[in-house]
Amino acid sequence: MEQSEPISMCPAAGRPTCVCKCARHIGLLVFRIGLGGMMLAHGYPKLLALFNGSGAGWMNPIGIGSTFSLALCVFAEFVCSIAVVLGFLTRPAALVLAVNFCVIAFTQRAGTSAAMDELVLLYLLCFVVLMLTGPGKLSLDRMLFHRCLHRRCCRG
């Protein structure tokens, strides 16, 4: 008679470990889709502005030209947001978005209003968290690359 492997229990939740791992990956999926979807709502109007040729009136926070600044913002908020939603190259996409929000927080919008500063810093925090956690198993990264890039610390 063949013995099956005993079910390991999660010490924190008191449930089988597989349930806790599934909840974590589903949570990361919901987080990615929600965060990326909200960013797409900000990036799409900027994409239209770029294609309409109204980039000359765009902000130039780091001195590289208004149109180029808008193009970089569109890349971050539209293209990288799609990557985050799909879980494709999630960590690099989250890094680009975090840098975008650093520019917004510390150059362009610094001190405009407490609510705006809070929102910008909240987005920045979310993208830093996504860079640290990665996309989870329910992502294109996992499907295409079949492994975590940090094998020593991530066995699940």
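**Fold and nonpolar surface of a predicted model**

In this predicted model, of the contacts in the protein chain that link residues at least 6 apart in sequence, 58% join residues at least 24 apart.

User: What pattern does the protein chain follow along the sequence?

Analyst: The protein chain holds five helices and zero strands. Read along the sequence, its pattern is therefore written with helix symbols alone: α-α-α-α-α.

User: What percentage of the accessible surface of the protein chain belongs to carbon and sulfur atoms?

Analyst: Buried residues account for 29% of the 156 residues in the protein chain. The accessible surface comes to about 9900 Å². The share of that surface belonging to carbon and sulfur atoms is 69%.

User: Which element gives the most to the nonpolar surface patch?

Analyst: A nonpolar patch of about 630 Å² on the surface is formed by I82, L86, F88, L89, M143, L144 and F145. Two or more of these residues come from each of α2 (66-86) and α5 (140-145). With three residues, the element that contributes the most is α5.

User: Is M143 buried or exposed?

Analyst: M143 lies in helix α5 and is one of the residues that make the nonpolar patch. The relative accessibility of M143 is 55%. Because the cut-off for the exposed class is over 50%, M143 counts as exposed.

Technical notes
Residues numbered from 1 in each chain as written. Predicted model: local features only at pLDDT ≥ 70, side-chain atom pairs only at ≥ 80, totals over all residues. Heavy atoms only, no water. Patch = residues over 30% accessible without salt bridge, like charges linked within 9 Å, V, L, I, M, F, W, Y side chains within 5 Å. Areas by Shrake-Rupley, 256 points an atom, 1.4 Å probe, with all protein chains shown as cover. Salt bridge = Lys/Arg side-chain N within 4 Å of Asp/Glu carboxyl O. Helix = DSSP H or I, 4+ residues; strand = E, 2+ residues; numbered from the N terminus. Buried < 20%, exposed > 50% of the residue type's maximum accessible area, 1.4 Å probe, protein only. Contact = heavy atoms within 4.5 Å.
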